[in-house]
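Please open the model in your viewer and keep the sequence panel beside it, since each stop on this tour asks you to select something and then look at what surrounds it.

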Amino acid sequence: MAQDGAAQDGRPDAADAPGGSRRRLWWPAALAAALALALGVPALVASGTSASGTSALTAPADDSPEAGFARDMATHHQQAVDLSFIVRDRTSDEPVRTLAFDIINTQANQRGMMMGWIDQWGLSQHSPAKPMAWMRMNHTYDAHDGSLMPGMATNTQLAKLRSLSGREAEVYYLQLMLEHHKGGVEMAQGYVDLAKNEIEKRLAQSMVAGQTSEIGLITDMLKERDAAPGVPA
């Protein structure tokens, strides 16, 4: 997994926050652990249930929504993890560092599940298809400067985040992650609407719920810092 700087051991200690005012964002990590137990089972292939109640196991096609979503969301998640590692090394603000830790933990876990499914299906982890082509709709998003899908930061924006520290890094990270989550929710919901694999569908539904909740949290964190949503040009 690509990281910017050395990862620090352990998560920030909530007990160190003055007056206990800092938020504890433990639930995404707990959700990831629960998903690992619930989803990390041998049923890593698309399943269908016959009239007799038995399950027929079949690998999805290479151009299926199942394979496309797993590949694209894994790519999307990897950048969220990268962004979060960058900001953890550039601020001492505990709420931001805790949010970053939870995103790293949750999305790296989910990414591992999706890449594991691709391997179990005997498919390549990469596809020549345009990102999000599996959504069966005409997306007008043009990949540019490393931003492959809606919400993804560009290489220029990543470089800018690396150049910042303190409050400037915190605010810019929150602005980038807000847009990143919006793109992630759109993609996850797109898969939920097409899904044939119930296990993968449940994971996508958990992404919609979790990232929608974090969108609200990030919006509040920006307000607390007197910063507007939206990534500055």
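Helices and strands are taken here as DSSP runs, of at least four residues for a helix and at least two for a strand, and they are numbered from the N terminus. With that convention, and bearing in mind that this is a predicted model, colour the chain by secondary structure and follow it from the N terminus, where the elements run α-β-β-α-α-α-α-α. In total there are six helices and two strands. If you then colour by accessibility, buried residues make up 48% of the 233 residues in the protein. Among contacts with a separation of 6 or more, 76% are between residues 24 or more positions apart.

**First stop: two packed helices**

Select α2, residues 65–88, together with α6, residues 198–224. Two packed helices are described by the angle between their axes and the distance between the axes. For α2 and α6 the angle is about 35° and the axes lie 11 Å apart, and the crossing is left-handed. Show side chains along the contact, where Glu66, Phe69, Ala70, Met73 and His77 of α2 meet Glu200, Ala204, Met207 and Gln211 of α6. Sorted by class, the residues of this contact are five nonpolar, two polar and two charged.

**Second stop: the segment after α6**

Move on to Arg225, which lies in the segment that follows α6. Is Arg225 buried or exposed? Its relative accessibility is 11%, and because buried means under 20%, Arg225 counts as buried. Leaving aside residues up to four places away in sequence, display the partners that Arg225 touches, which are Asp93, Pro95, Val96, Arg167, Glu170, Val171 and Leu174.

**Third stop: the largest pocket**

Rolling a probe the size of a water molecule over the atoms shows where empty space is left. Switch on a surface and look for the largest pocket, which holds about 390 Å³ of space. There are 22 residues lining this pocket, and the closest to its centre are Arg71, Asp72, His126, Ser127 and Ala129. Which helix gives the most to the lining of the largest pocket? Helix α2 does, with five residues, while α2 and α3 (94–120) each supply at least two. The lining as a whole divides into nine nonpolar, six polar and seven charged residues.

**Fourth stop: the loop between α3 and α4**

Select Met132, which is found in the loop between α3 and α4. Its phi is near 70°, a positive value in a residue other than glycine. Most residues other than glycine have a negative phi. Met132 is buried, with a relative accessible area of 3%.

Asp145 lies in the loop between α3 and α4, and although Asp145 is not a glycine, its phi is positive, at about 50°. At 35% relative accessibility, Asp145 counts as partly exposed.

Finish at Gly151, in the loop that leads from α3 to α4 (155–163). Because its relative accessibility is 21%, Gly151 counts as partly exposed, the cut-off for buried being under 20%. Measure from its C-alpha atom to that of Leu178, 27 residues apart along the chain, and the separation is 8.2 Å. Beyond residues up to four places away in sequence, Gly151 touches His76, Leu176, Glu179, His180 and Gly183.

Conventions: Residues numbered from 1 in each chain as written. Predicted model: local features only at pLDDT ≥ 70, side-chain atom pairs only at ≥ 80, totals over all residues. Heavy atoms only, no water. Buried < 20%, exposed > 50% of the residue type's maximum accessible area, 1.4 Å probe, protein only. Contact = heavy atoms within 4.5 Å. Axes fitted to C-alpha atoms, helices over the stretch in contact; angles between N-to-C directions. Left-handed = near helix turned anticlockwise from the far one by under 90°. Nonpolar A, V, L, I, M, F, W, Y, C, P; charged D, E, K, R; others polar. 1 Å grid on protein atoms, 1.4 Å probe; cavity = no way out; pocket = protein on both sides within 12 Å on 5 of 7 lines; lining within 4 Å. Points joined across faces, edges and corners; volume = space filled by probe spheres on them.
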